[in-house]
Amino acid sequence: MIERTFVMIKPDSIVRGLIGEVLGRLEKKGLKIVGMRMIHMSEAQANNLYAVHLEKPFFKDLVGFIRSAPVVVLAVEGESVVTVVRRVIGATDAKEALPGTVRGDLSCSKSMNVIHASDSLENAQKELSIFFTDSDLMKYSRLDANWVC
Ligand code: CMP
C-alpha cells in the first residue's frame, strides 16, 4: 500500500553537513520526497512532535537539542514507507544500529541520532500534520518507479 510518513533530518546532521548524505539514502532506496522544508522548530511544534515523551527524564534535553539548530522536515511517500524508512534509518540508539543503516553508519549517539521517522502510520499522519498541510505536498512520478520498488 502506498503510504506517507514523516521524516526529520535532525540538527546534528545539519551542523555536520550531512543533509545530502541522508537525503541521498532515502532517494536511492526509491522513496519519493513529496514535501521538504528547512525550519527552526518552534517550542510548540517540538512539544507536539515529542508529546509521547513528555514524562521522560530526557524530554527537556530532547526539545533543547531539536531546537538547537535548524532541521529539515520531509514528507516521504512509497509502498509500506513507514516500515521501509524505519529499516533504512536503523535502531534509535545509534550504537546499536546496524552498519548500512543511516544511524549505524553516521552516529554513535542515542540523542544525536541523525534522523527521526514516524514509527506507525497513525503517528505518521499526526506528525505530518504538525509541519505540512495537504496542499504543501507535491504530486509527481519518479521515472524509476517501476525499477526500484
Ligand atoms: P526519535 O526517533 O527522534 O524519537 C524520540 C527521540 O528521543 C529518539 O529519536 C532519541 O533521539 C531520543 N531518545 C530516546 N531515548 C532516549 C534516552 N534514553 N536518552 C536521550 N534521548 C533519547
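Helices here are DSSP runs of H or I with at least four residues, strands are runs of E with at least two, and both are numbered from the N terminus. Going by that, D12 sits in helix α1, which covers residues 11-15. The model is a predicted one, where local features need pLDDT of at least 70, side-chain atom pairs count only at pLDDT 80 or more, and totals for chains, interfaces and linings use all residues. Residues are numbered from 1 along each chain as its sequence is written, and side-chain values use heavy atoms, with hydrogens and water left out.

D12 makes a handy starting point. With a relative accessibility of 5%, D12 counts as buried; the label means under 20% relative accessible area, exposed means over 50%, and partly exposed is in between, using a 1.4 Å probe and protein chains only. Leaving aside residues up to four places away in sequence, D12 touches F65, M112, N113 and V114, where contact means heavy atoms within 4.5 Å. A polar atom of the D12 side chain also lies 2.9 Å from the backbone nitrogen of V114. That is a polar contact, a pair of N or O atoms within 3.5 Å; within protein, one must be able to donate a hydrogen and the other to accept it, and residues adjacent in sequence count only if both atoms are side-chain atoms. As for S68, it is 56 residues from D12 in sequence and 9.0 Å away in space, C-alpha to C-alpha.

Two of the partners of D12 come from one loop. N113 is placed between α6 (102-106) and β4 (115-117), and V114 lies in the loop between α6 and β4 as well. V114 has 0% relative accessibility, so it counts as buried. Its phi is positive, near 75°, in a residue other than glycine. N113 is at 2% relative accessibility and therefore counts as buried too. The side chains of N113 and K10 are joined by a polar contact of 2.6 Å. Apart from residues up to four places away in sequence, N113 touches K10, D12, T92, R103 and S107.

N113 brings the ligand into the picture. An N or O atom in the N113 side chain is 3.4 Å from an oxygen atom of the ligand. Of the accessible area of 450 Å² that the ligand has on its own, the protein covers 80%; these areas come from the Shrake-Rupley method with a 1.4 Å probe, and for residues only the protein chains shown count as cover. A polar side-chain atom of Y50 also approaches a ligand oxygen atom, at 2.7 Å, while a polar backbone atom of S111 is 3.4 Å from an oxygen atom of the ligand. The full set of residues around the ligand is K10, Y50, H53, F58, L62, T92, R103, K110, S111, N113 and H116, each with a heavy atom within 4 Å of it.

Away from the ligand, helix α2 (residues 19-29) has V22, L23, G24, R25 and L26 as its buried residues. G30 follows α2 and has a positive phi, near 105°. S80 is another residue with a positive phi, about 45°, although it is not a glycine. S80 is found in the loop between β3 (71-79) and α5 (81-89), and at 30% relative accessibility it counts as partly exposed.

Helix α5 also holds T83, which is partly exposed because its relative accessible area is 41%. The C-alpha atoms of T83 and S120 are separated by 7.9 Å, with their positions 37 residues apart along the chain. L121 is found in helix α7 (residues 121-131) and is partly exposed at 29% relative accessibility. Not counting residues up to four places away in sequence, L121 touches M1, E3, R4 and V82. L121 and S13 are 108 residues apart in sequence and 25 Å apart in space, C-alpha to C-alpha.

S129 belongs to helix α7 too, and counts as exposed at 52% relative accessibility. Its side chain reaches the backbone oxygen of K126 at 2.7 Å. From S129 to V76, 53 residues apart along the chain, the C-alpha separation is 13 Å.
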